[in-house]
Amino acid sequence: TDTILSVENLDVSFQSYNGLIKAVRGVTFDLKKGETLAIVGESGSGKSVTAKSIMQLLPKKTTVINNGSIVYEGNDLLTYSKKEMEKIRGSEISMVFQDPMTSLNPTMKIGKQVMEGILKHKKISKKEAFVRAKELLELVGIPNAEERMKSYPHEFSGGMRQRVIIAMALASDPSVLIADEPTTALDVTIQAQILDLMKNIQKKTGTSILIITHDLGVVVNMAKRVAVMYAGQIVETGTLEEIFYDSKHPYTWGLMQSMPKLHQDRSVPLIPIAGSPPDVSKLHDGCPFAARCPYVMKVCHNHMPDQSTISGTHSVSCWLQDERAPHVEKPELGGN
Ligand code: SF4
Ligand code: MG
């Protein structure tokens, strides 16, 4: 098959003093070989939790994954032991986070850190690891890589540090790269450079990229397919064009209001919709968007909409797709 990672019906909850909080509910998506899929949503929508559950980076004590599967190359990662998972993490599947400073050891020279990352996954000599580290730093566009290997993280700019993190994530030639808000901490020019870098790397290595972001500019720049997440659920999935030009979910419409034009590279944070996302500890049966949706109907409050298929690549969960629902036109995009 052309699918490398397949998440199906994933439920993730956290234990709290108020009982279980459902952070991710019934999340299903596929990542295909060599593609970039973006999961877009506001903070608290469960997108980072989804990414971290793939890597099993959530706190074991308080996290409950009570349903679903995460199938990588035919095997369900949720059945893997800690040891088996360690082998996958950082070698088959790598992750890049928002803040490169927390992912680097401030007291260790850059070169040594990259070499250690390589030696963790590859049985090669130190000398070979040095050569590979230099190659990787060149690949991610660090000028004078050999010289810069002797520097410490604080001697690098934020953008350069993020390049180092990406180099480390690539040390093991991963099949899947999960990037959680990889450019959020960077200014817009540097953001664009890092995104270009990730695209170039994908061209060279064929790595599949799952990018988690709240920034529609990042989505437009990077993704071929998009999954829109709201309150722990994926409410709509489609190709970039389907989501931007032909979206069917009122929440996606709200997101698009803030987006000036497709194929225009710029940073666009998601702040367009009146009201706040629901308190996920108090969600009940109906559509999670009901409290903010301008088109809400009676049924929305009590019953979760089924997923409707719009095309082979496009699906949506909304009662407006039901044949008994009134016809609603997608609003014109706002003029900004
Ligand atoms: Fe709005 Fe109802 Fe659709 Fe939810 S199911 S998005 S409340 S119309
Ligand atoms: Mg997050």
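1. Helix H4 passes helix H7 in a right-handed crossing, and this is a convenient place to begin reading the structure, which is a predicted model. The two helices pack at an angle of about 25°, with their axes 9 Å apart. That angle makes H4 roughly parallel to H7, because angles under 35 degrees count as roughly parallel. On the H4 side the residues that meet H7 are Ile110, Gln113, Val114 and Gly117, and on the H7 side they are Val164, Ala167 and Met168. Sorted by class, the residues of this contact divide into five nonpolar, two polar and no charged.

2. The spacing of the H4 residues named above can be followed with a simple rule. An α-helix has 3.6 residues a turn, so residues three or four places apart point the same way. With this in mind, the reader may look again at Ile110, Gln113, Val114 and Gly117 in H4, which are the residues that meet H7.

3. Helix H4 itself covers residues 110-121, which makes twelve residues, and it reaches 18 Å from its first C-alpha to its last, close to the 16 Å expected at 1.5 Å a residue. Which residues of H4 are buried? They are Ile110, Gly111, Gln113, Val114, Met115, Gly117 and Ile118. These buried residues pack against helix H5 (126-139), helix H6 (145-148) and H7.

4. The packing of H4 on H5 has another geometry, since here the axes come within 9 Å and cross at roughly 110°. That makes H4 roughly perpendicular to H5, and the crossing in which H4 passes H5 is right-handed. From H4 the contact takes Gly111, Val114, Met115, Ile118 and Leu119, while H5 contributes Ala129, Phe130, Arg132, Ala133, Leu136 and Leu137. The residues of this contact divide into nine nonpolar, one polar and one charged. Val114 deserves a second look, for it takes part in the contact with H5 and also in the contact with H7.

5. Helix H7 (residues 158-169) has a further partner in helix H8 (residues 188-205), and these two pack at an angle of about 15°, with their axes 10 Å apart. H7 and H8 are therefore roughly parallel to each other, and their crossing is right-handed. The contact is formed by Gly158, Gly159, Gln162, Arg163 and Ile166 of H7, together with Ile190, Gln193, Ile194, Leu197 and Met198 of H8. By class, this contact has five nonpolar, four polar and one charged residues.

6. The loop between H6 and H7 holds Tyr152. Is Tyr152 buried, exposed or partly exposed? It is partly exposed, because 15 other C-beta atoms lie within 10 Å, whereas 20 or more would be needed for a buried residue and 12 or fewer for an exposed one. When its neighbours within four places in sequence are left aside, Tyr152 is in contact with Pro106 and Lys109. The C-alpha atoms of Tyr152 and Asn105 are separated by 8.7 Å, although these residues are 47 residues apart along the chain.

7. Helix H1 (residues 47-55) is largely enclosed by the rest of the structure, because eight of its nine residues are buried. The buried residues are Lys47, Ser48, Val49, Thr50, Ala51, Lys52, Ser53 and Ile54, so a student should note that lysine, a residue that counts as charged, is among them. Just after H1, Gln56 takes a positive phi of about 50°.

8. Two further residues call for attention on account of their backbone angles. Asn9, found in strand E1 (residues 3-16), has a positive phi of about 50° although it is not a glycine. Ala231, in the loop between strand E9 (225-230) and strand E10 (233-239), has a phi near 50°, again a positive value in a residue other than glycine. Their surroundings can be set side by side: Asn9 is exposed, with 11 other C-beta atoms within 10 Å, whereas Ala231 is buried, with 25 other C-beta atoms within 10 Å.

9. Finally, some totals place these details in the whole protein, which has twelve helices and twelve strands. Of its 336 residues, 42% count as buried. Among the contacts with a separation of 6 or more, 65% are between residues 24 or more positions apart.

Conventions: Residues are numbered from 1 along each chain as its sequence is written. Chains are lettered from A and ligands numbered from 1 in the order in which they are written. This is a predicted model: local features need pLDDT of at least 70, side-chain atom pairs count only at pLDDT 80 or more; totals for chains, interfaces and linings use all residues. Axes are lines fitted to C-alpha atoms, for helices over the stretch in contact, and angles run from 0 to 180 degrees between N-to-C directions. Helices (H or I, at least four residues) and strands (E, at least two) are DSSP runs, numbered from the N terminus. Angles under 35 degrees count as roughly parallel, over 145 as roughly antiparallel, 65 to 115 as roughly perpendicular and the rest as oblique. A crossing is left-handed if the near helix is turned anticlockwise from the far one by less than a right angle, and right-handed if clockwise. Two residues are in contact if their C-beta atoms, placed from the backbone, lie within 7 Å. The expected span of a helix is 1.5 Å times one less than its number of residues.
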